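Subject: Structure for you to look at

Hello,

Here is the structure I promised to pass on. Please open it alongside these notes and tell me where you disagree.

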Amino acid sequence: MAFFCDSYSILEKKEIATGIFSYVIHCPEPAASAKAGQFVHIQAEGYTLRRPISICEIDKDRGTLRIVFEVRGAGTDKLSQLNIGDKMNMIAPLGNGFTINEIPAGKTVIVVGGGIGVPPMLQTAKSFGSSRIKAITGFRSKDRVILEDDFKRIGADLSVCTDDGSYGEKGLVTFPLIEELEKGSTAIICACGPTPMLKAVINTAKTYNVPCEVSLEQRMACGVGACVGCAVNINRSGRDFVLRVCKDGPVFKAEEVVL
């Protein structure tokens, strides 16, 4: 796993919802090798442990990575105080991303994101070729909806769900997921989000016998596989393993994940 560690310039910053920030970082070397589903590990000034943030978009021509994160504590709050022109210290790109293969004729790919698990699904959709992508995103309420215009910009067919029905379709992401699977044309499902959502997506994919990969959200320390602080239970070929989300994941085959 090749990665880079350096301080990179911030080109763009925007608060896209209350407490949710989008940054574009100029980092040509990481951008050149980054793949959908990988993440960056960012140093917040004054804090020992870095913060893992999923890659939202990759622009290899421009040499940039886009990240989107929510302020959830003192560390991410410190990161949100960085501005255009400041340097962001990152280790990137890290982890293993989604399997991106050519989509068979007549088939589609479904990307499913929940909450702050939505950002990595944007680059995943772009990597597959957005014209044959069904994107399903889920949020608590209208004020938490993010990246709607971005999915539309890349040409994905988007369904937005909210828990309270304040925007889009009321209910779980599995409702539009099942509707799409009923068409019988899905090549693969890729998902990222909270554990209850991933469990529901995995079970639904199993019911319809559709391949599925999921990106796991886990607390991390080192981010490079040394500390084993992000261990997860995996059952592979009938054998139980304890693997590391940062190095062996964060993306795993759905049927292998023990949640």
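Long-range contacts come first: residues 24 or more positions apart make up 65% of the protein chain's contacts with a separation of 6 or more. Bear in mind that this is a predicted model.

**Overall form**

The protein chain holds six helices and 15 strands. Its radius of gyration is 17 Å, and the globule rule gives 18 Å for 259 residues, so the chain is as compact as a globular protein of that length. The C-alpha trace spans about 50 × 45 × 35 Å along its principal axes. Buried residues make up 52% of the 259 in the protein chain. The accessible surface is about 11800 Å², and carbon and sulfur atoms account for 48% of that surface.

**The barrel**

Six strands close into a barrel in the order S1-S2-S5-S4-S3-S6. The pairing there is antiparallel. On average, neighbouring strands of this sheet are turned by 45 degrees against each other, direction ignored. S4 and strand S5 (residues 64-70) run antiparallel and share four bridges. Glu 57 has Arg 66 in S5 as its bridge partner. Helix H3 lies across S4 and S5, at about 30 degrees to S4.

**Asp 59**

Where does Asp 59 sit? It belongs to strand S4, residues 51-59. Asp 59 has a relative accessible area of 30%; partly exposed covers values between 20% and 50%, so Asp 59 counts as partly exposed. Leaving out residues up to four places away in sequence, Asp 59 touches Ala 31 and Thr 64.

Which backbone nitrogen does the side chain of Asp 59 reach at 2.9 Å? That of Arg 62. The backbone nitrogen of Asp 61 lies 3.2 Å from a polar atom of the Asp 59 side chain. For a distance across the chain, take Asp 59 and Cys 246: they are 187 residues apart in sequence, and their C-alpha atoms are 23 Å apart in space.

**The open sheet**

Seven strands make an open sheet. The order is S10-S9-S8-S7-S11-S12-S15, with mixed pairing. Strand S10 (169-170) and strand S15 (251-253) are at the edges. Each has a single partner strand, so one side of each has no neighbour in the sheet.

Strand S7 (residues 108-114) pairs with strand S8 (residues 133-139) in the parallel sense, over six bridges. Gly 114 stands opposite Gly 138 in S8. Helix H3 (residues 119-128) packs on this sheet and touches S7, S8 and strand S11 (186-192). The direction of H3 makes about 155 degrees with that of S11. H3 also lies across S4 and S5 of the barrel.

Helix H6 (residues 195-207) lies across S7, S11 and strand S12 (212-215). H6 runs at about 165 degrees to S11.

**The hairpin**

Strand S13 (residues 231-236) and strand S14 (residues 239-244) run antiparallel, joined by six bridges. Arg 236 stands opposite Arg 239 in S14. How many residues lie between S13 and S14 in the hairpin? There are two. Ser 237, in the turn, has a positive phi of about 55 degrees.

Over to you.

Conventions: Residues are numbered from 1 along each chain as its sequence is written. This is a predicted model: local features need pLDDT of at least 70, side-chain atom pairs count only at pLDDT 80 or more; totals for chains, interfaces and linings use all residues. Side-chain values use heavy atoms; hydrogens and water are left out. Two strands pair if DSSP finds at least two bridges between them. Contact means heavy atoms within 4.5 Å. Axes are lines fitted to C-alpha atoms, for helices over the stretch in contact, and angles run from 0 to 180 degrees between N-to-C directions. The radius of gyration is taken over C-alpha atoms; the globule rule is 2.2 Å times the number of residues to the power 0.38. Buried means under 20% relative accessible area, exposed over 50%, partly exposed in between (1.4 Å probe, protein chains only). Accessible areas come from the Shrake-Rupley method with a 1.4 Å probe; for residues, only the protein chains shown count as cover. A polar contact is a pair of N or O atoms within 3.5 Å; within protein, one must be able to donate a hydrogen and the other to accept it, and residues adjacent in sequence count only if both atoms are side-chain atoms.
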